[in-house]
Amino acid sequence: MNIKQHIQNLRNELREHNYNYYVLDNPAISDYDFDIKLKELQELEAKYPEFFDANSPTQRVGGEVTKNFETIAHEHRMYSLDNSYSKEDLQDWEIRIKKLVDGGIQYTCELKYDGASISLTYENGLLVKAVTRGDGFQGDNVTANVKTIKSVPLQLKGDYPPKFDIRGEIVLPFDGFNKMNEERIELGEEPYRNPRNTASGSLKLQDSAEVAKRPLECLLYNLTGSNLGIQTQFESLVKAREWGFKVPDTAKLASSIDEVFEFINYWNVHRHDLPYETDGVVVKVNNLQQQEELGHTAKAPRWAMAYKFKAEQVSTQLNSITYQVGRTGAITPVANLEPVELAGTTVKRASLHNADQIEKLDIRVGDEVFVEKGGEIIPKIIAVDFTKRKPDAGPTQYITHCPECNTLLERLEGEAKHFCPNYNGCNPQIIGRIQHYISRKAMDIDGLGGETVALLVNEGLINNYSDLYELTKEQVMPLERMAEKSAENLVAGIEASKQIPFERVLFALGIRFVGETVAKKLAKHYKSIDAIAIASEEDLVNVDEIGIKIAQSVTAFFKDEKNVLILNRLKQFGVQLEISANQLIGQTNILKGQSIVVTGVFESISRNDLKKLIEDNGGKISSSISSKTSYIIAGANMGPSKKDKAENLNISIINEHEFLQKLN
Ligand code: AMP
Ligand code: ZN
């Protein structure tokens, strides 16, 4: 078999596996086997660049960076939907449209997915562009980002028409959303409020490799184009599914508004079992001929109507307000409620976010409050029922001192939250930091869990993460639920963590705003903890992707003498505080001080490998062209505006081969 054929076969096979996994939720091979095949394809594509294909499954990892999203006019306008809130509204609508069309009307009932709308254009079965709704007439070209969403087919199958648009909604399922938030909370960052905004924000990220990491999905619901050979909305859903799109199979046909309402009533309850957020039902005239006769108003099609689910609301009593102290010292007020049923779960607590929120609501202990569960996962308190306020309820006084260590709280300029500044003496901060240190993505210490950390701290056996390395089996054995074997495992796990590479140690230290990615960047740039410790703010912000907020946090960390002592202890114990020798192989300083822009499509090397080469050799990658740019490495299809800019600023453009020569 020739190479080209082999590459084709691999691509087809991987496409099918992607489809089984992401569209059908029914994988046919293990993740491991998938990765092996993907790797084989990647290697073949690198070796034989003449067979490059922009729609290959290898192109899903992203890497393209967009500074300004190009505005593109929609070939067919993206309309909004009229809303209805009751059965009467829907019956009125039916009366209106029955006057405008002949014959009986059937309806397609679909769920209204709550995400960011998107229009995808396919030509000859290939995805050619993805554009946001924008103002309905024109939107942003987010193709590079959408390509990374695995349920969006890059190549169709079956009897698809030569050219069409398909509209849908990009959503972030609850699972993935919660996982992203857990990570943010670990980093001491404010969690995202709801999946919808996070989904639409994701589409506008500049680095598509970041988008690739987000567990987005694309649910399709509308075909647009001419001569598609399709008679009804329901048929178009079936067809789109056959071509490889993810089209939920929840849609139903209805012959009357009564039947439509059965669908609404069913999903009003069962929508809570779906993996993603929905905020209503969309009812569409099924027959496309009738749709055409009905046409559009200035804003929305006459042939469709959205029915909005009511955000579920209950009222209950506020029993008390307590205050939680996070790993970074941030204080979060929590409303403890009289337990109440809401949207299928029992609600006992709701976040009050910060002091401003409490003041805004004027919420007082003993109040009857309205709790709602809308687009947000965490229930929130909408308002106080002032008619039921007890005469003796005094205004809520926000705490002035830490509930754990009694230190006077601080509130920094421009920040919503109060902080406990007792970094080294406040129990939840001490415990939280060690828990972060041992966590899976940090030092991944086998045999030691979060509960045990709390026990060890409370028993006075450890006070910071460096103390872990002095723990003995004899010390931990008396702890609750600690058998000899588990004590041995714990000590062995701690010992093994001395081999964890520097970039993860740096992340494990729990410096505020230094997440996994930032830790990698810093480790790569500075190569040792000592170099980072003496870096100034100005120096730090010169590192790619390091902003002033991170820089300030890093310098503050090393200014604290206690941290310096702890780091010295870690060093003594043999924890990796610099990049190891074999990580340094292939690294030079040839490109030091150079700011390089990478653009276009490359043949002989992947964009990511090219970037790695630049960084490994001391260069800095910049995403936009400016007078500071040293030169541009351009592959095929460099955009005309970039070209103009480079010419105006007199910046030289070289190709990948010339660059590789420079390095040699
Ligand atoms: P609104 O943004 O409230 O005007 O609602 C209109 C939007 O609902 C459309 O732009 C679509 O993005 C979205 N939508 C979600 N699910 C559907 C669906 N099944 N059919 C049509 N539109 C939908
Ligand atoms: Zn405290």
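Me: In what order do the strands of the open sheet of 5 strands run?
Reply: This is a predicted model. In it, 5 strands form an open sheet whose pairing is mixed. The edge strands, each pairing on one side only, are S2 (83-84) and S9 (252-254). Read across the sheet, the order is S2-S11-S10-S3-S9.

Me: How many bridges join strand S3 to strand S10, and which residue in S10 stands opposite Leu111?
Reply: Strand S3 covers residues 107-113 and strand S10 covers residues 278-285. The two run antiparallel and are joined by 7 bridges. Opposite Leu111 stands Val281.

Me: Which helices lie across S3, S9 and S10, and at about what angles to S3 do they run?
Reply: Helix H8 (residues 233-242) lies across S3, S9 and S10, at about 55 degrees to S3. Helix H9 (residues 257-270) lies across these strands and also across strand S11 (304-308). The angle of H9 to S3 is about 25 degrees.

Me: Which residues coordinate the zinc ion (ligand 2), and what is the arrangement of the donor atoms?
Reply: The zinc ion (ligand 2) is held by the SG atoms of Cys402, Cys405, Cys420 and Cys426, at 2.2 to 2.3 Å. Along the chain these donors follow the spacing C-x2-C-x14-C-x5-C. The 4 donor atoms subtend angles of 100 to 113 degrees; because four donors count as tetrahedral if all angles lie between 85 and 135 degrees, the arrangement around the zinc ion (ligand 2) is tetrahedral.

Me: Where do Cys405 and Cys426 lie, and is Cys426 buried or exposed?
Reply: Both Cys405 and Cys426 lie in the loop between strand S16 (380-384) and helix H12 (427-438), so the pair ties together parts that are 21 residues apart in sequence. Cys426 has 0% relative accessibility, and the limit for buried is under 20%. Cys426 therefore counts as buried.

Me: Where does Leu649 lie, which residues beyond its neighbours within four places in sequence is Leu649 in contact with, and how does its accessibility class?
Reply: Leu649 is in the loop between helix H24 (640-648) and strand S20 (653-654). Leaving aside neighbours within four places in sequence, the contacts of Leu649 are Ile625, Ser626 and Ser627. The C-alpha atom of Lys628, 21 residues away along the chain, is separated from that of Leu649 by 9.6 Å. With 36% relative accessibility, Leu649 counts as partly exposed.

Me: How far apart do the C-alpha centres of domain 4 and domain 6 lie?
Reply: The domain assignment places domain 4 at 427-499 and domain 6 at 595-662. Domain 5 (502-584) is also in that assignment. The distance between the C-alpha centres of domain 4 and domain 6 is 47 Å.

Methods. Residues are numbered from 1 along each chain as its sequence is written. Chains are lettered from A and ligands numbered from 1 in the order in which they are written. This is a predicted model: local features need pLDDT of at least 70, side-chain atom pairs count only at pLDDT 80 or more; totals for chains, interfaces and linings use all residues. Side-chain values use heavy atoms; hydrogens and water are left out. Two strands pair if DSSP finds at least two bridges between them. Contact means heavy atoms within 4.5 Å. Axes are lines fitted to C-alpha atoms, for helices over the stretch in contact, and angles run from 0 to 180 degrees between N-to-C directions. Buried means under 20% relative accessible area, exposed over 50%, partly exposed in between (1.4 Å probe, protein chains only). Donors are N, O and S atoms within 2.8 Å of the metal (3.2 Å for Na, K and Ca); water is not among the atoms, so sites may look incomplete. Four donors count as tetrahedral if all angles lie between 85 and 135 degrees; four count as square planar and six as octahedral if opposite donors are over 155 degrees apart and all others between 65 and 115; anything else is irregular. Domain bounds come from an automatic or database domain assignment.
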